[in-house]
Amino acid sequence: MARGRPLLRANRKTKNSGGTFLPPSNTDYIRDWATLAAGEQVILVDNDETEFSGRVDTVTEDGSFFWLHLADGAGRRLFTRTNYVLTWRIAEIK
């Protein structure tokens with residue numbers, strides 16, 4: 001991860017009152033990032049239980065990393081399997 005200017009706080013949420021992140025009910029846990037497609041909306045939680053959300057931009061064929069356009073115009077960020085983040089796909093409401 002690059003060091004320098006911290007991320008904007010608009011896309012970051014910290015632990016809830018219970019201390020553990022609980023994904024919304026309209027989400028599916030994603031174990032294999034290769035199943036993600038560009039444009040899908042996702043939620044990620046890192047080791048510090050910091051939440052990131054946004055739309056998938058690009059995913060590698062083997063699912064080892066992907067770029068995410070963060071919500072609220074907070075930019076674009078690269079996530080790799082070595083980041084140890086948990087990922088949920090948000091179901092589209094039809």
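Trainee: What share of the contacts in the protein with a separation of 6 or more comes from residues 24 or more positions apart?
Mentor: That share is 55%, where a contact means heavy atoms within 4.5 Å. Bear in mind that this is a predicted model, in which local features need pLDDT of at least 70 and side-chain atom pairs count only at pLDDT 80 or more, while totals for chains, interfaces and linings use all residues. Residues are numbered from 1 along each chain as its sequence is written, and side-chain values use heavy atoms, with hydrogens and water left out.

Trainee: How many helices and strands are there in the protein?
Mentor: Zero helices and six strands, so the pattern along the sequence reads β-β-β-β-β-β. Both kinds of element are DSSP runs numbered from the N terminus: a helix is H or I with at least four residues, a strand is E with at least two.

Trainee: What makes Glu40 and Arg89 a salt bridge?
Mentor: The term asks for a side-chain nitrogen of Lys or Arg within 4 Å of a carboxyl oxygen of Asp or Glu. Here the closest N and O atoms are 2.9 Å apart, so the pair qualifies. Glu40 sits in the loop between strand E1 (27–30) and strand E2 (41–45), and Arg89 in strand E6 (residues 86–90), so the salt bridge ties together parts that lie 49 residues apart in sequence.

Trainee: Why does Arg89 count as buried?
Mentor: Buried means under 20% relative accessible area, exposed means over 50%, and partly exposed is in between (1.4 Å probe, protein chains only). Arg89 has 18%, so the label is buried. Its partner Glu40, at 21%, is partly exposed. In the protein as a whole, buried residues make up 32% of the 94 residues.

Trainee: How do you know that Arg76 forms a salt bridge with Asp57?
Mentor: Their closest N and O atoms are 2.8 Å apart, which meets the distance limit, so the name fits. Arg76 belongs to strand E5 (residues 76–80) and Asp57 to strand E3 (residues 51–59), so parts 19 residues apart in sequence are tied together. The structure holds two salt bridges.

Trainee: Why are Arg76 and Asp57 given the label they have, buried, partly exposed or exposed?
Mentor: Arg76 has a relative accessible area of 42% and Asp57 one of 24%. Both values fall in the middle range, so both residues are partly exposed.

Trainee: And Arg31, buried or exposed?
Mentor: Exposed, because its 67% is over the upper cut-off. Arg31 is placed in the loop between E1 and E2. Its C-alpha atom is separated by 7.3 Å from that of Thr87, 56 residues apart along the chain.
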